Amino acid sequence: MKSNVEKVISVSNLTKRFGSFTAVDHISFDVCRGEIFGFLGANGAGKTTAMRMLCGLSRPTEGNGRVAGCDILTQTEMIKRHIGYMSQKFSLYSELTVDENIRLFSTIYSMTDVQIMEASSRLYAELGMESMRRTRVSDIPVGWRQKLAFATATIHRPDIVFLDEPTGGVDPVTRRKFWEHIYKASSEGMTIFVTTHYLDEAEYCDRVSIMVDGCISALDSPAALKRKYHADTIDEVFRIVASEAKRDE
Amino acid sequence: MKLRILKALLKKEITLMQRNPLIPKIIIGMPLMVMLILPLVANLDVKDVNVAVVDNDHSSLSRRITADISASPFLTVIDVPLDHSGAIALVEKGDVDVILTVPPHFSRSLAICSGNASVDIEVNGVNATKGMLGGQYVSQSVLSTIKGWREENGVTEPTQPTGILYLYNPTLNFRNYMIPALMVVLLIIICGFLPALNLVSEKETGTIEAMNVTPVPRLLFVLSKLIPFWIVGMIVVTVGMLVGWIVYSLVPAGSIFLIYLAAILFSLVMSGLGVIIANRSASMLQSIFVMFAFIMVFQLMSGLFTPIGSMPGWARTITYAIPPRYFIEIMRAVYLKGAGFADLWFQFLTLVALAVLTLGLSALTYSKRS
């Protein structure tokens with residue numbers, strides 16, 4: 001990692017305990033501006049919990065850090081102005097139309113009517129969703145919903161986009177296309193923080209971290225990781241690293 | 001800027017409400033059902049007392065007593081058994097509520113030594129209200145028959161029997177007592193529990209998380225949930241008053257403004273409570289169970305069905321913590337007695353205090369972070 005690059009996420013000893021269970025155990029890492037940062041780990045390794053702490057959805061038990069220049073302990077509402085978040089579970093209003101959802105969220109991000117108009121027409125053109133504008137979200141196919149959720153998370157051009165398993169349950173072709181949108185967002189200067197179970201997707205990231213039992217066991221570029229573990233694919237690296245896990249799901 | 005966000009949130013709530021298959025029906029159907037059907041069925045008026053007359057006198061007077069009882073709209077002479085044990089058998093079967101026994105030579109002894117003759121009235125006390133009122137009805141009927149009979153025979157009563165004049169609800173119509181209070185039940189459900197269910201349903205679908213990760217101010221988000229239901233609540237109160245007027249000819253004796261003021265304050269209290277419950281519940285089922293517990297206590301301890309005055313001391317103390325108590329008192333006092341603010345300031349101030357308390361707690365318990 002180059003030291004002259006601005007760090008948009010920087011955390012140290014971030015910990016989350018639920019009673020006696022330590023979901024996230026003293027993790028420390030930095031993410032640079034414009035990076036695509038892959039956050040890997042088995043089910044229950046603590047990925048989502050860690051991500052929720054970064055987004056200001058969950059209060060850390062210990063540790064500190066900054067996201068988009070704001071403190072994750074005290075300035076969570078400030079952080080929320082600068083990030084986009086796409087949750088694992090589809091969470092747009094399914095009884096609202098595509099347009100109504102986009103309008104609602106962009107108004108909350110304090111965008112003006114003109115900005116909303118411009119941003120949404122650009123989005124619909126990019127995603128090819130023009131004809132679905134007035135369709136209720138519950139009526140559009142799953143693959144399109146993911147795209148729409150991504151669009152909603154990036155409509156306000158946040159500094160960082162957090163994607164929690166964005167391609168779960170999506171066919172390989174649509175997944176591939178989805179990553180094109182991620183690349184595009186990244187090329188426009190957004191930092192991408194993404195968790196995934198598809199290890200081929202990890203190859204698309206600039207750097208990946210692998211979480212095992214609440215700790216980060218490996219963190220480097222895909223190429224460096226493969227060298228280190230003498231593996232041909234990230235899939236193999238993951239198997240080697242994740243086999244240390246003691247925790248059940 | 002904030003206003004713009006609130007507007008956008010309100011638009012979302014109203015659109016979702018309109019598109020919900022159930023909510024518009026609940027909002028329109030429930031008030032009509034509660035106001036049209038409940039006053040007819042939630043009725044403690046005693047109107048069908050069954051009487052057995054054991055006539056051991058067989059005089060014209062005793063036959064007249066029986067005939068007068070039959071003529072009463074509230075009393076029915078089911079049977080005239082030959083002896084007392086026959087009457088008791090009827091009570092045991094559940095066919096008879098009151099037994100009137102006229103002793104032998106009743107009319108003769110009444111004529112000779114006035115005042116020393118008496119009839120027996122026995123009442124089935126299992127249903128306390130019905131028993132008490134039924135016994136009184138029969139005794140009044142007998143007394144008035146005797147009085148008439150004596151006057152015809154040239155004896156004028158030296159003293160008038162005690163008469164009762166019922167103020168504020170002259171016909172002692174239980175409906176007039178219930179209708180103002182039923183609006184309370186409507187507001188509990190519409191302003192307290194519907195917004196709470198709405199909030200919890202966003203938790204279940206996960207949309208609340210999509211909101212919590214945006215910079216939306218939490219106060220605006222909660223307000224956007226409550227405002228539509230406050231408006232609906234006021235519409236429901238209006239519909240309730242209209243139904244009361246059109247169907248039951250019941251109009252408030254006091255100021256309508258006071259009724260609305262009380263309704264608004266009570267809605268605030270209930271929505272505060274609803275939001276607290278929603279904040280503490282992870283699922284619809286959980287929140288419904290908690291609300292169910294609240295609604296039970298509210299209905300049984302607020303004086304809605306049973307007078308607070310007849311509760312034991314400790315229970316009366318608890319009723320001071322039950323918000324519907326104050327709203328019911330205000331509604332009944334304004335509706336039936338035409339009470340003004342000067343009479344009800346305590347109830348109004350308590351509602352204000354409770355509103356501040358519940359809304360404050362609801363703001364404290366709502367967190368965008370877990």
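The following paragraphs describe the sheets, helices and domains of a predicted model.

We begin with chain A. Here 4 strands form an open sheet, and their order is S2-S1-S4-S5. A sheet is held together in a general way: its strands pair through backbone hydrogen bonds, either parallel or antiparallel. In the sheet of chain A the pairing is antiparallel. Strand S2 (21-32) and strand S5 (70-71) of chain A stand at the edges with a single partner strand each, so one side of each has no neighbour in the sheet. Strand S1 (residues 7-18) of chain A pairs with strand S4 (residues 62-67) of chain A in the antiparallel sense, over 5 bridges. Within this pair, A:Thr15 stands opposite A:Glu62 in S4(A). Helix H1 (residues 47-54) of chain A packs on the sheet, where it touches S1, S2 and S4 of chain A. The direction of H1 makes about 120° with that of S1(A).

We turn next to chain B, which is divided into domain 1 (19-42 + 173-365) and domain 2 (49-152). The C-alpha centres of domain 1 and domain 2 of chain B lie 47 Å apart.

Chain B also contains an open sheet of 4 strands, in the order S2-S1-S3-S4, and its pairing is mixed. The edge strands are strand S2 (75-79) and strand S4 (120-123) of chain B, each of which pairs on one side only. From one strand to the next, the twist averages 30°. Strand S1 (residues 49-55) and strand S3 (residues 98-102) of chain B pair in the parallel sense over 5 bridges, and B:Asp55 stands opposite B:Val102 in S3(B). Helix H4 (residues 84-93) of chain B packs on this sheet and touches S1, S2, S3 and S4 of chain B. The direction of H4 makes about 170° with that of S3(B).

Finally, we consider a pair of helices in chain B. The axes of helix H3 (residues 60-71) and helix H6 (residues 128-152) of chain B come within 9 Å and cross at roughly 135°. H3(B) and H6(B) are therefore oblique to each other, because an angle over 145 degrees would be needed to count as roughly antiparallel. Their crossing is right-handed. On the side of H3(B), the contact involves B:Leu61, B:Arg64, B:Ile65, B:Asp68 and B:Ile69. These residues meet several in H6(B), among them B:Val138, B:Val142, B:Thr145 and B:Trp149. By class, the contact of H3(B) with H6(B) has 6 nonpolar, 3 polar and 3 charged residues.

Technical notes:
Residues are numbered from 1 along each chain as its sequence is written. Chains are lettered from A and ligands numbered from 1 in the order in which they are written. This is a predicted model: local features need pLDDT of at least 70, side-chain atom pairs count only at pLDDT 80 or more; totals for chains, interfaces and linings use all residues. Side-chain values use heavy atoms; hydrogens and water are left out. Axes are lines fitted to C-alpha atoms, for helices over the stretch in contact, and angles run from 0 to 180 degrees between N-to-C directions. Helices (H or I, at least four residues) and strands (E, at least two) are DSSP runs, numbered from the N terminus. Angles under 35 degrees count as roughly parallel, over 145 as roughly antiparallel, 65 to 115 as roughly perpendicular and the rest as oblique. A crossing is left-handed if the near helix is turned anticlockwise from the far one by less than a right angle, and right-handed if clockwise. Contact means heavy atoms within 4.5 Å. Ala, Val, Leu, Ile, Met, Phe, Trp, Tyr, Cys and Pro count as nonpolar, Asp, Glu, Lys and Arg as charged, and the others, Gly among them, as polar. Domain bounds come from an automatic or database domain assignment. Two strands pair if DSSP finds at least two bridges between them.
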